[in-house]
Amino acid sequence: MPSTTGPETTDYDVVVVGAGFAGLYALYELRRRGLNVRVIEAADGVGGTWFWNRYPGARCDVESFDYQFSFSEDLVREWVWSERYPRQEELLAYLNHVADRFELRPDIQLGTRVSSAVLDERSGRWTVTTDRDEHLSAKFVIMATGCLSTARLPDVEGLDSFTGDWYHTGAWPHEGVDFTGKRVAVIGTGSSGIQSIPVIAEQAEQLFVLQRTANYSVPAFNRELSDADRQACADNFPAIRQFARQSMLGGSWSGNDVAAMAVTPEERQAIFEKQWEMGGLPMYVAFTDLLVDQRANDSVKDFIADKIRQRVSDPAIAEKLTPSGYPLGGKRICVDIDYFETFNRDNVELVDVKANPIERITPRGILVGDTELAVDTIVFATGFDAMTGALLSINIEGRGGRTLREKWHAGPATLLGLAVSGFPNMFLVTGPGSPSVFSNMVVSIEQHVDWIAEAIDHLRSKGLQRMEALPDAESAWVDHVNEVADTTLLPQADSWYTGANVPGKPRVFMPYVGGCGLYRQKCDEVAADGYAGFSLTP
Ligand code: NA7
């Protein structure tokens, strides 16, 4: 049990902020290594993303076999995934099972938001303060705060005057929402919009879909899993996960080791078809050059545009739903169930808010151009202040009293996405500059937590107290992240990868897109080299 040093301060080896996939595994792994760990979680339950995103149709766009922990073979064998793509409810049940199965709950404090983390340079310890005015002292702080955890409403006037109900997909009411007989507007056609729109359309009397930018989406071809599917996965799981760890995106999807431009148009079409039939994100790896060669990217865009035309009966609506003006992959590809087909329904209307922007919310609905859409309910599927939002909502104060907000005023800078110069003994899980959102998050989370746990073990075994990213190594990593991104077409899109979805946010391509395998190798090299790029002090 932790030792209490005063009425309000409690001492820990490690304070972990967040109890989603990352926080739960950090607690499990660090506690297993003998550390005294406290997890602080703002929500009233564990689960992170899967606690908050309860909107209709919410499910993971990575398959259940890939999107699960690998640290316990028993857990892999025990847990019975019901569908190819896990629903939010199933993921939340899984994470609750993990919390119970590994007796994590006694070390997790729910319903508590961390407001600040301040370094005391003299003692070398962090003081973590919560919104309950508690002060926790910790040698290490791990920010497991998630990449898509700060929901964003658009800067549109008038919401206060709206007399109907409104919701954000990323903070959905637990009791659910009944759309029966309602006129509904969904704003946003990213992944959350694309997943929720078909389900809301089935219930609502009338649905307006307010689209600013059309998105690339590939059908999930979701299905129930059979016992044979589950058995095959459990039997082969170590090999499946090993493949995923070394892959580009951290998934077990098979792709092709050939460039789209190196084959004939007929062969290209056949390969796209085959990859399409696999459903979802494997489309990324249909060819090796899709994200780096404009012609290759155009070829997959054309292929998907054809599919949209096949799925949508009205050619004019199909045209509006066809993405243009940015490369495929520049915004994360969506994985849908009947999204495009939903626009064939009589009760669904696509509203182009790029041509006619949203002017304001009115008491009765939404003013688009000079037309008022009268609605009972507005659903904001408008995304998140991604990757840095949750971190910067905490007042993090490092060496010399410098805050992370000050340090990152021109954009995030990290070493390996794991650590920040000036903030010793603070680690980030899936921070900016790591593969994070450009990968299967669970594979990346496990890799980060393992690396951090090893680093802390290293310090302890050598009698060292402090670990801090060196400024030069950090700058070199930031340069590398940018160089790799610039070899691709991805930065060309206005996306949350670059911060472009938040007005005024510095425009920096945040995820590392060199691939999970290469990234892991680089992290391992740093560790094997005695944590090269970090200062370790007694
Ligand atoms: P996203 O992908 O950021 O999507 C947000 C959507 O909301 C996107 O279509 C935006 O259009 C739209 N949006 C945002 N602000 C406005 C305004 N003011 N007017 C009209 N439309 C607006 O968030 P999601 O929650 O869907 O998905 C996030 C990730 O979660 C996803 O990639 C998966 O990894 C899981 P825009 O494209 O900016 O024109």
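**Entry 1: the hairpins**

I started at the turn between strand 6 and strand 7, a hairpin with four residues between the strands, where Asp 133 takes a positive phi near 60°. A reminder to myself: this is a predicted model. I then looked at how the two strands run, and strand 6 pairs with strand 7 (residues 135-143) in the antiparallel sense over four bridges.

Next I stepped back to the hairpin of strand 5 and strand 6. There are four residues between these strands too, and here Gly 124 has the positive phi, near 75°. Strand 5 (residues 114-120) and strand 6 (residues 125-130) are antiparallel and share six bridges.

Which residue stands opposite Ala 117 in strand 6? I found Val 128 there. I followed Val 128 across to strand 7 as well, where its bridge partner is Leu 136. I pencilled in a general reminder for viewing these strands: side chains in a regular strand alternate between the two faces of the sheet.

**Entry 2: the cores**

Which residues touch the most other members of the largest nonpolar core? I noted Phe 21, Phe 69 and Trp 451, in a core of 133 residues. Helix 12 (residues 441-461) gives the largest share of this core, with ten residues. I also wrote down a second, separate core of 23 residues, with Tyr 12, Val 15, Val 17 and Phe 423 among them.

I went back to Trp 451 for its contacts, skipping residues up to four places away in sequence. Its list includes Leu 416, Leu 418 and Phe 427, then Met 467, and further along Cys 523, Asp 524, Val 526, Ala 527, Tyr 531 and Phe 534.

**Entry 3: Gln 275**

I picked Gln 275 next, which sits in helix 7 (residues 265-278). Is Gln 275 buried or exposed? I count Gln 275 as buried because its relative accessible area is 1%, and the cut-off for buried is under 20%.

What does Gln 275 touch, leaving aside neighbours within four places in sequence? I listed Ser 254, Gly 255 and Asn 256 on one stretch of the chain, and Pro 282, Met 283, Val 285 and Ala 286 on another.

**Entry 4: a pocket**

Last, I opened the second largest pocket, which has a volume of about 460 Å³. Its lining counts 22 residues, and those nearest the centre are Met 248, Tyr 284, Val 285, Phe 287 and Thr 288. I was happy to meet Val 285 again, since I had it down as a contact of Gln 275. Sorted by class, the lining of this pocket holds eleven nonpolar residues, ten polar ones and one charged residue.

Note on methods: Residues numbered from 1 in each chain as written. Predicted model: local features only at pLDDT ≥ 70, side-chain atom pairs only at ≥ 80, totals over all residues. Heavy atoms only, no water. Core = buried A, V, L, I, M, F, W, Y, C linked by side-chain atoms within 4.5 Å. Buried < 20%, exposed > 50% of the residue type's maximum accessible area, 1.4 Å probe, protein only. Contact = heavy atoms within 4.5 Å. 1 Å grid on protein atoms, 1.4 Å probe; cavity = no way out; pocket = protein on both sides within 12 Å on 5 of 7 lines; lining within 4 Å. Points joined across faces, edges and corners; volume = space filled by probe spheres on them. Nonpolar A, V, L, I, M, F, W, Y, C, P; charged D, E, K, R; others polar. Pairing = 2+ DSSP bridges.
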